[in-house]
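This report looks at a run of paired strands and at the aromatic and nonpolar residues that accompany them. The sequence and the structure come first, and the description follows.

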Amino acid sequence: MFTMKKKDLAKEYALKEYKRLVNNVYIVKDNRCFTFDNIESAFNAGRKSVVENIPNLLFKETREGLIADNGIFEFIYHIYKSASVDEPRYAFATTYETPIQWYDTLEEAMDAANEDYKKRIKQAIGL
């Protein structure tokens, strides 16, 4: 039933947008007037807010160390600890990458992994 409502709304929008383009009129719904720019801005704001509210990666302790399956891309994020006992440092990398930057704390490495994850999502949806 929910899918049908989405289809109905999509059809209604498409018909109104066609009418607007042909007749150069505004879209009126519930006594409100919308332009195509209004609708496009609302769509982009919604898309952006979804990305901004993506939950952080959930790292789990495994035999291989800390890993997080992001659930979207085909790779997994790994947190690596340096071999130095005197000055341990941390890095992150995905399944297909080599760590390129080391961080002083585990939290910094996890934050960097989350930033990378969100950046990749933004790139994937064109933001």
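Strands are DSSP runs of at least two residues in state E, numbered from the N terminus, and two of them pair if DSSP finds at least two bridges between them. The model described with these terms is a predicted one, in which local features need pLDDT of at least 70.

**Strand pairing**

Strand β4, which covers residues 65-69, runs antiparallel to strand β5, residues 76-81, and 4 bridges join the two. Within this pairing, Asp69 has Ile76 of β5 as its bridge partner. The hairpin of β4 and β5 has 6 residues between the strands, and in this hairpin Gly71 adopts a positive phi near 75°. On to the next pairing: β5 is also joined to strand β6, residues 90-94, again in the antiparallel sense, through 5 bridges, and here His78 finds its bridge partner in Ala93 of β6.

**Aromatic pairs**

A pair of aromatic rings is described by the distance of the centres and the angle of the planes. The model holds 3 aromatic pairs by the ring-centre rule, and two of them are set out below.

| Pair | Centre distance | Plane angle | Class |
|---|---|---|---|
| Phe75 and Tyr77 | 5.6 Å | 70° | edge-to-face |
| Tyr77 and Phe92 | 6.1 Å | 35° | tilted |

The pair of Phe75 and Tyr77 is classed as edge-to-face because its planes stand at 70°, and the class requires an angle over 60 degrees. The pair of Tyr77 and Phe92 links distant parts of the chain, since Tyr77 lies in strand β5 and Phe92 in strand β6, 15 residues apart. Taken together, ring pairs link Phe75, Tyr77, Phe92 and Tyr117 into a cluster.

How buried or exposed is Phe75 in this cluster, given its relative accessibility? Phe75 has a relative accessibility of 9% and therefore counts as buried, the cut-off being under 20%. For Tyr77 the relative accessible area is 0%, so this residue is buried as well, and Phe92 is likewise buried.

**The largest nonpolar core**

The largest nonpolar core has 17 residues, and those that touch the most other members are Leu57, Phe59, Tyr77, Ile79, Phe92, Ala113 and Tyr117. At least two residues of this core are supplied by each of β4, β5, β6 and α3, the last of which spans 106-124. The largest share, 5 residues, comes from α3. Tyr77, Phe92 and Tyr117 thus appear both in the ring cluster and among the core residues with the most contacts to other members.

Technical notes:
Residues numbered from 1 in each chain as written. Predicted model: local features only at pLDDT ≥ 70, side-chain atom pairs only at ≥ 80, totals over all residues. Heavy atoms only, no water. Helix = DSSP H or I, 4+ residues; strand = E, 2+ residues; numbered from the N terminus. Phe/Tyr/Trp six-rings, centres within 6.5 Å; stacked < 30°, edge-to-face > 60°. Buried < 20%, exposed > 50% of the residue type's maximum accessible area, 1.4 Å probe, protein only. Core = buried A, V, L, I, M, F, W, Y, C linked by side-chain atoms within 4.5 Å.
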